[in-house]
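Colleague: I am new to reading protein models. Can we go through one together, feature by feature?

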Amino acid sequence: MAEYITHSREETVALGRKLAAVLPDGALIAFTGGLGAGKTAFCEGLAEGLGCTDPVSSPTFAIVNYYRGPRPLAHFDLYRISTENDLCAAGFYDYLDQGAIVAAEWSENFADLLAPEDPIHINIDRVDDTTRRITIKGVSV
């Protein structure tokens, strides 16, 4: 497990870009961290690093946002999904099977179901208004 400290939104985005460079196709990223921690900012960097062309936004109301590019990213919010059937209906496993990178916010809600997919775990803690403590387990950046 590696720990990173970022001191701005831009540094959090840049760390996401760095991670994108080492991700295999079909990787699952399981995010944890409170509201406003920086999960979507990190995903913005992931999308940029993967070459996605669509603007990144929080998937809170859409459940999933799909960002097109040479290495697509499916960005899920699992907060309002309550059953495995809902997860399947949202296309979660389809995106993985198609080789897209899948980033799942609020992954702790489905930790048992995600475990067989061997996810990369990223936790983002808000230290203060601009500083984040980011731990990454499962891959070296």
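Colleague: Where does Trp106 lie?

Modeller: Keep in mind that this is a predicted model. Trp106 lies in the loop that joins strand 5 to helix 5. Strand 5 covers residues 101–105, and helix 5 covers 111–114.

Colleague: Is Trp106 buried or exposed?

Modeller: Look at the relative accessible area. Under 20% counts as buried, over 50% as exposed. Trp106 has 15%, so it is buried.

Colleague: What is the sign of phi in Trp106?

Modeller: Positive, at about 60°, although Trp106 is not a glycine. Asp118 also has a positive phi, near 50°, and is a residue other than glycine. Asp118 lies in the loop between helix 5 and strand 6.

Colleague: And is Asp118 buried or exposed?

Modeller: Use the same cut-offs. Asp118 has a relative accessible area of 65%, so it is exposed, being over 50%.

Colleague: Back to the loop after strand 5. What does the side chain of Ser107 reach?

Modeller: Ser107 lies in that loop, between strand 5 and helix 5. Its side chain reaches the backbone oxygen of Phe31 at 2.9 Å. Ser107 is buried too, with a relative accessible area of 5%.

Colleague: Which residues is Ser107 in contact with, beyond its neighbours within four places in sequence?

Modeller: Leave those neighbours aside when you read a contact list. Ser107 is then in contact with Ala30, Phe31, Thr32, Leu78 and Leu114.

Colleague: Now pockets. How much space lies in the largest pocket?

Modeller: About 230 Å³. Next, ask what lines it. There are 15 lining residues, and the closest to the centre are Leu35, Ser58, Thr60, Glu105 and Trp106. Helix 2, residues 39–50, gives the largest share of the lining, with three residues.

Colleague: How do the lining residues divide by type?

Modeller: Five are nonpolar, six are polar and four are charged.

Colleague: What about the nonpolar core? Which residues have the most contacts inside the largest one?

Modeller: That core has 23 residues. Those with the most contacts inside it are Leu23, Ile29, Phe31, Phe42, Leu46, Leu73 and Ile122. Then check which elements contribute. Two or more residues come from each of helix 1 (9–20), strand 2 (28–32), helix 2, strand 5, strand 6 (120–126) and strand 7 (132–137). Helix 2 gives the largest share, five residues. A second, separate core has 17 residues, including Leu28, Ala74, Ile81 and Phe110.

Colleague: Take Phe42. Which residues is Phe42 in contact with, leaving aside neighbours within four places?

Modeller: They are Thr12, Leu15, Gly16, Leu19, Phe31, Ile122, Ile124, Ile134 and Ile136.

Colleague: One last residue, Asn65. Where is Asn65 found?

Modeller: Asn65 is in strand 3, residues 64–67. With a relative accessible area of 13%, Asn65 is buried, as this value is under 20%.

Colleague: Which side chain makes a polar contact with the side chain of Asn65?

Modeller: The side chain of Tyr67, at 3.4 Å. A polar atom of the Asn65 side chain also lies 3.4 Å from the backbone oxygen of Ser58. Beyond its neighbours within four places, Asn65 is in contact with Ser57, Ser58, Pro59, Leu73, Ala74 and His75.

Colleague: How far apart are Asn65 and Arg126?

Modeller: Give both distances, along the chain and in space. Asn65 and Arg126 are 61 residues apart in sequence, and 24 Å apart in space, C-alpha to C-alpha.

Note on methods: Residues are numbered from 1 along each chain as its sequence is written. This is a predicted model: local features need pLDDT of at least 70, side-chain atom pairs count only at pLDDT 80 or more; totals for chains, interfaces and linings use all residues. Side-chain values use heavy atoms; hydrogens and water are left out. Helices (H or I, at least four residues) and strands (E, at least two) are DSSP runs, numbered from the N terminus. Buried means under 20% relative accessible area, exposed over 50%, partly exposed in between (1.4 Å probe, protein chains only). A polar contact is a pair of N or O atoms within 3.5 Å; within protein, one must be able to donate a hydrogen and the other to accept it, and residues adjacent in sequence count only if both atoms are side-chain atoms. Contact means heavy atoms within 4.5 Å. On a 1 Å grid over the protein atoms alone, a cavity is a set of points where a 1.4 Å probe fits but cannot get out, and a pocket is an open set with protein on both sides within 12 Å along at least five of seven lines; lining residues have an atom within 4 Å of a point. Grid points are joined across faces, edges and corners, and a volume is the space filled by probe spheres set on the points. Ala, Val, Leu, Ile, Met, Phe, Trp, Tyr, Cys and Pro count as nonpolar, Asp, Glu, Lys and Arg as charged, and the others, Gly among them, as polar. A nonpolar core is a set of buried Ala, Val, Leu, Ile, Met, Phe, Trp, Tyr and Cys residues joined through side-chain atoms within 4.5 Å.
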